[in-house]
Structures are given as C-alpha cells and as structure tokens.
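Student: I would like a close look at the salt bridges in this model, and at how the parts around them are built. Please take me through them in one connected account.

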Amino acid sequence: MPYSMTGFGAAEGPVAGGRLRVDIRTVNHRHFNLSPKLPADLSALEPELRDRLRKEFDRGHIAVQVRWSEYPARAASGVGVDLERARLVAGRLRELQSALGLGGEITVEMVARQPEVLTANTEGDLEVAWAEVEPVVGQAAAECRAMRAREGEAIASELRHRAAALDEFVERIAARAPERLVRERDRLRAAVGQLLDGRQVDESRLAQEIAFQADRLDITEELMRFRTHIAAVREALESERPAGKQLGFLAQELGREVNTIGSKANDADIAQHVIAMKGELEKFREQLENLE
C-alpha cells in the first residue's frame with residue numbers, strides 16, 4: 001500500500017507516575033529527517049526514539065514533540081519556579097501586546113514556556129526507561145501511519161487514473177503508427193517518381209530507402225517499453241513496500257519514451273497525443289512529490 005508523507009498522530013499515556021503526550025507530524029522530504037523535541041529529563045532517549053520511528057517511516061520530515069501533560073509526582077520536588085523572572089516575562093509580554101495592539105490573554109502556559117521560568121533541580125532528576133515511553137510513541141506513530149495510509153491510497157487512486165490515461169494514449173498511437181508508415185512510404189515513392197521525371201525507378205534502391213525511413217520512424221520498441229513501465233507502475237502501486245522512489249524512476253523512464261516517440265512522430269495526430277501524454281506525466285510527477 002502506498003503511503004503519503006503527510007500525516008499526524010498523537011497519543012498520551014502513563015509514564016513514570018505522570019502522563020506523557022507525544023505528537024508526531026510528518027511532511028514530504030527526500031530522506032528520513034527526524035526533528036525531535038523532548039523535555040530535558042527525556043533527552044537521553046533520543047537515539048531510541050530515532051530507531052523506533054525509522055521502523056515506521058521510510059522517509060519524510062518527521063517532527064516529534066514529547067511533553068509532560070502531568071509531571072511525575074516523584075520528580076515534582078526537582079522543579080523550581082523563578083517567580084521574579086515569571087513576573088518580568090509576564091510584564092514584557094503585556095508591553096509587547098500593548099505596543100502591537102494585540103488581543104488575547106497572557107496565560108500561565110505562555111509564561112511557563114519561557115526560558116528559566118521553570119528550572120530543574122539536580123536533586124530531583126528523573127530517570128525514565130525507554131520501555132515506559134515506547135508504548136506512547138508507538139501509539140502516536142501508528143495513528144500517524146494510519147493517516148499517511150489513507151492519504152496514500154487517495155494519491156495511488158489518482159496515479160492509477162493517470163496510468164490509465166497514458167495507456168489510452170499509447171493505444172491510440174499504436175493504432176495510428178502503421179498508417180503513418182504506409183503514408184510515408186507512398187510520399188517517398190511519389191517524391192522519387194517526381195524527381196526522376198518519367199525515368200525508370202530503381203525499385204531495389206527505392207525499397208532500401210523506404211526500409212531505412214521505416215526503421216527511422218518505427219516506434220514499436222518505444223511503445224513496448226512504455227507498456228512495460230506502465231505495468232511496473234501498477235505493480236508498485238499494489239506493493240506493500242514504499243513505492244515513491246521506484247515510481248519516480250519509472251516516471252523518468254516513461255518521459256524518456258514519450259520524448260523519443262515525439263521525435264519520431266512525423267504525424268500531427270501522434271504529436272498531439274504526445275503533448276497530452278507529457279501533460280499527464282507532469283501531473284503524475286506532482287503526485288509523487290508527497291508519496292513515501
């Protein structure tokens with residue numbers, strides 16, 4: 001199943017006698033790019049967090065925020081409050097609010113988030129094992145993964161639609177191609193006859209030239225490769241593995257075949273089909289930008 005690189009998941013659960021909340025937001029990125037934000041007393045768990053999320057996400061920018069919604073009681077003595085700094089911060093925020101003409105309230109949460117308002121005392125250091133945090137992270141990751149799956153299926157449906165449109169254009173070109181070769185043969189024969197002005201035609205030489213022109217304009221191999229690439233696209237869309245990179249490669253190959261067909265076209269109808277196929281391929285590539 002294809003997965004989108006855009007998703008969100010959140011979970012909250014009991015950890016170390018308190019409650020921990022984990023938010024995971026993901027957007028598109030060429031590689032796996034983790035941006036974690038953990039409280040100081042959980043910062044040592046970042047390597048385990050990275051390893052766990054690598055199992056869930058193949059690529060994308062993954063922003064993770066971990067915070068205590070309820071601080072563990074056993075570590076409460078380790079948290080200090082600098083009231084003077086809190087008053088100073090609140091005052092400065094009110095000044096800023098007044099200067100900019102902003103509405104709203106200056107909340108406790110807003111003040112508490114500022115540096116050095118809340119401090120951790122060394123005697124209250126909290127040690128938390130990864131095994132306690134992992135279930136909450138896993139639940140948030142699963143929710144995010146489920147959202148990416150839903151969006152991924154929508155993208156896959158659009159890609160299947162584009163593949164079907166490309167298939168239709170290929171069949172139109174394939175049906176048109178033999179007629180084009182016959183017309184080119186007749187044109188070449190007429191041009192040679194006009195140049196000879198009634199003199200005898202060297203049929204052997206003419207046959208060689210017609211064969212050369214037919215070979216130059218033949219698009220049988222390009223059509224065959226194009227159909228093979230479209231079949232690979234459909235197979236990738238049904239795979240359980242991440243398909244974004246493979247589909248990106250196939251889109252390049254499809255574009256190469258379309259360009260070759262266009263250069264050999266020598267036919268107005270085929271040229272119009274090629275232009276339409278390039279438009280479909282561009283839309284195809286746009287959808288791939290957000291596929292894992």
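Tutor: In this predicted model, the count of salt bridges comes to 25, and a few of these, taken one after another, give a useful way into the helical part of the chain. One of them joins the side chains of Glu 222 and Lys 264, with an N to O distance of 3.1 Å. This pair links distant parts of the chain, since Glu 222 belongs to helix α6 (residues 220–238) and Lys 264 to helix α7, with their positions 42 residues apart in the sequence. Glu 222 counts as buried because its relative accessibility is 6%, under the 20% cut-off for that class.

A further salt bridge is formed by Glu 257 and Arg 225, whose closest N and O atoms are 2.9 Å apart. Glu 257 lies in helix α7 and Arg 225 in helix α6, so this pair ties together parts that are 32 residues apart in sequence. The two partners differ in their accessibility class: Glu 257 is buried, at 5% relative accessibility, whereas Arg 225 is partly exposed, with a relative accessible area of 30%. Through shared partners, salt bridges join Glu 221, Glu 222, Arg 225, Glu 257 and Lys 264 into one network.

A salt bridge set within one helix is the one in which the side chains of Glu 158 and Arg 162 meet, at 2.6 Å from N to O. Both residues lie in helix α4, and they are 4 residues apart, about one turn of the helix. Here the acidic partner, Glu 158, is partly exposed, with a relative accessible area of 23%, while Arg 162 is buried, with a relative accessible area of 13%. Arg 162 also takes part in a contact between remote stretches of sequence, for its C-alpha atom is separated by 7.6 Å from that of Leu 281, although the two residues are 119 residues apart along the chain.

Helix α4, which spans residues 130–196, has a part in the lining of an enclosed space as well, giving the most to the largest cavity, with 3 residues. The count of cavities of 30 Å³ or more comes to 1, and the space in the largest cavity is about 30 Å³. Its lining is made up of Leu 38, Leu 42, Leu 45, Leu 49, Val 66, Trp 130, Val 133 and Val 137. By class, that lining has 8 nonpolar residues, with no polar and no charged ones.

The second largest pocket brings us back to helix α7, the helix that holds Glu 257. This pocket contains about 280 Å³ of space. Of the 13 residues in its lining, the closest to the centre are Arg 59, Gly 244, Gly 248, Leu 288 and Glu 289. The elements that give two or more residues to this lining are α7 (244–264) and α8 (268–288), and α7 supplies the largest share, with 5 residues. By class, the lining has 3 nonpolar, 5 polar and 5 charged residues.

Two further places deserve a careful look. On the surface, Val 81, Leu 83 and Leu 118 form a nonpolar patch, with about 280 Å² of accessible area together, and of these Leu 83 has its place in helix α2 (residues 83–100). Elsewhere, Ala 16 has a positive phi, near 55 degrees, in a residue other than glycine. Ala 16 is found in the loop between β1 (7–15) and β2 (18–27), and this residue is buried, with a relative accessible area of 7%.

For the setting of these details, the chain has 8 helices and 6 strands, which follow one another along the sequence in the pattern β-β-β-α-β-β-α-α-β-α-α-α-α-α. Buried residues make up 38% of the 292 residues in the chain. Seen against that background, the network on α6 and α7 includes the buried residues Glu 222 and Glu 257, and the pair within α4 includes the buried residue Arg 162.

How values were computed
Residues are numbered from 1 along each chain as its sequence is written. This is a predicted model: local features need pLDDT of at least 70, side-chain atom pairs count only at pLDDT 80 or more; totals for chains, interfaces and linings use all residues. Side-chain values use heavy atoms; hydrogens and water are left out. On a 1 Å grid over the protein atoms alone, a cavity is a set of points where a 1.4 Å probe fits but cannot get out, and a pocket is an open set with protein on both sides within 12 Å along at least five of seven lines; lining residues have an atom within 4 Å of a point. Grid points are joined across faces, edges and corners, and a volume is the space filled by probe spheres set on the points. Ala, Val, Leu, Ile, Met, Phe, Trp, Tyr, Cys and Pro count as nonpolar, Asp, Glu, Lys and Arg as charged, and the others, Gly among them, as polar. Patches are made of residues with over 30% relative accessible area and no salt bridge: like charges are joined within 9 Å, nonpolar side chains (Val, Leu, Ile, Met, Phe, Trp, Tyr) within 5 Å. Accessible areas come from the Shrake-Rupley method with a 1.4 Å probe; for residues, only the protein chains shown count as cover. A salt bridge is a side-chain nitrogen of Lys or Arg within 4 Å of a carboxyl oxygen of Asp or Glu. Buried means under 20% relative accessible area, exposed over 50%, partly exposed in between (1.4 Å probe, protein chains only).
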